[in-house]
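The following exercises ask the reader to examine a protein model step by step. Please study the sequence and the structure before attempting each task.

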Amino acid sequence: MTFSPSVPMSAPFIPFADPHAACALRKRAVLKAVRRVFDSGHYILGGEVETFERAFADYLGLDRAVGCACGTDALELSLRVLGVGAGKAVFTVSHTAVATVAAVERAGAVPAPADIDPATLTMDPESLEASVVHLLETRPDLTPAAVIPVHLYGHPCDMDAVTAVARKYALAVVEDCAQAHGARYKGRQVGAFGNLAAFSFYPTKNLGALGDAGAVATRDPGLAEALSAMRQYGWNEQRISVEPGVNSRLDPVQAAVLNVQLKHLDPDNAARRRIAARYAEGLSGCGLLLPAAMPWVEPVFHLYVVRCPEQHAFREFLRDRGIGTAVHYPRPAHLQPAYRGRLPIPPDGLPVTERIMDEVVSLPMFPQLEDEAVDRVIDAVRAWARTRKAKGR
Ligand SMILES: *Cc1c(COP(=O)(O)O)cnc(C)c1O
């Protein structure tokens, strides 16, 4: 790591995310929770998992939450209980964590990406409809079955428009809420708009565990029962597999940690919003495109993503000043070797998706990020803007 001479060597490196900070802050409570599991002798499902499932469903205002091993599994299990598998197309976006696309294939279905809105970088409902129509015309082997809108970076998708398309073409809706715990669309929390909502508790997420963990939330008790069975071999009460299933249980250690962290989710999200507001004020007029929050949403800033045409040089400049950044995501799923050339693409392609991958830069964002650190980032970005101006760019 190199520092510019203008920054004293003592200035600590500012990471773009810091999952340890939240745990360290609540160390006693977190370790007490882990110890409780240790002492209980109950290491699969059980009380901690049930407590978390109840508390998380209550938090979301939904009837049920079913814990599972990770967010990718939450998406896969959601599609499976909806009967979305072989011969079915699932519409989603390519500008997302590759997990979204991988989960569709794990369920046996075909991921069909739509383009994204250039302002919010979430699913463009018009491109979604074009994608459905095109698939109906060109792929008689596939039946459109579901849509996975992704509330990317903590900014809700335009769910009214997405659900209108879903209704028109009889698509089930599975919300990918992995980056949006607690975000609201027109006053209602995300997760309430689809048939099912998939969550990840990967350590850096807004609600994070000490390892992998996930959950599916729903207001449909029948689907919740099906999910509870499917995550454990399709077992009934007598441990007889009545449906084929998998092993994707929520680990009780993770559930115990989540029971601690859930209490802090709202204040943590408020802290993220405060940091975002500080960035928005400090970075205005810098020539960067800042995150747009649509007036009808309350985002939760899982990430704070700015756009800069000189992505690489900009990141180097910040790194030389002790500031960590990341790119979410450097390549959309349909251009990654695992998927290239295999996914049905809408007739007009995915121009916004392919353009912004070279522009997006995630600035440091986590609830424990202190004001002085935010200001250091702001100062560094403003210094970058001055050098650009000097070069006439
Ligand atoms: C993190 C994430 C996932 C996958 O979650 P894991 O728990 O890592 O499996 C899925 N979708 C999105 C948008 C994510 O950010």
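Four exercises on this predicted model follow, each with a worked solution.

**Exercise 1. The sheet**

Task: Determine in what order the seven strands of the open sheet are arranged, and which strands lie at the edges.

Solution. Step 1: Reading across the open sheet, the seven strands come in the order β1-β9-β8-β5-β4-β2-β3, and their pairing is mixed. Step 2: An edge strand pairs on one side only, and this holds for β1 (64-68) and for β3. Step 3: The pairing can be examined strand by strand. β2 and β3 are paired in the parallel sense over five bridges, and V93 stands opposite A114 in β3. β2 and β4 also pair in the parallel sense, over four bridges; here the bridge partner of A89 is P144 in β4. Step 4: On average, with direction ignored, neighbouring strands of the sheet are turned by 30° against each other.

**Exercise 2. Burial in β2 and α5**

Task: Establish how many residues of β2 are buried, and which residues of helix α5 are buried.

Solution. Step 1: A residue counts as buried when its relative accessible area is under 20%. Step 2: In β2, five of the six residues are buried, so this strand is largely enclosed by the rest of the structure. Step 3: In helix α5 (residues 98-106), the buried residues are T100, V101, A103 and V104. These cover an arc of only 155° around the axis, and therefore they are on the same side of α5. Step 4: The buried residues of α5 pack against α4, β2, β3 and β5. Step 5: After α5 comes G108, which has a positive phi near 95°.

**Exercise 3. The nonpolar cores**

Task: Identify which residues have the most contacts inside the largest nonpolar core, and which helix gives the most to this core.

Solution. Step 1: As a general principle, nonpolar side chains in soluble globular proteins tend to be buried together. Step 2: The largest nonpolar core has 34 residues, and those with the most contacts inside it are F91, M123, L128, V147, Y153, L171 and V360. Step 3: At least two residues of this core come from each of β2 (88-93), β3 (110-114), α6 (125-138), α7 (159-168) and α12 (351-356). Helix α7 gives the most, with four residues. Step 4: Both domain 1 (24-115 + 122-262) and domain 2 (265-390) contribute at least three residues to this core. Step 5: A second, separate core has 30 residues, including F314, L363, L369 and I378.

Step 6: L128 may serve as an example of the contacts. Leaving aside residues up to four places away in sequence, L128 touches F91, A114, M123, V147, V162 and V165.

**Exercise 4. The position of P351**

Task: State in which helix P351 lies, and how far its C-alpha atom is from that of F201.

Solution. Step 1: P351 belongs to helix α12. Step 2: P351 counts as partly exposed because its relative accessibility is 45%. Step 3: P351 and F201 are 150 residues apart along the chain, and their C-alpha atoms are separated by 31 Å.

Conventions: Residues numbered from 1 in each chain as written. Predicted model: local features only at pLDDT ≥ 70, side-chain atom pairs only at ≥ 80, totals over all residues. Heavy atoms only, no water. Core = buried A, V, L, I, M, F, W, Y, C linked by side-chain atoms within 4.5 Å. Buried < 20%, exposed > 50% of the residue type's maximum accessible area, 1.4 Å probe, protein only. Domains from an automatic or database assignment. Contact = heavy atoms within 4.5 Å. Pairing = 2+ DSSP bridges. Axes fitted to C-alpha atoms, helices over the stretch in contact; angles between N-to-C directions. Arc of directions from axis to C-beta.
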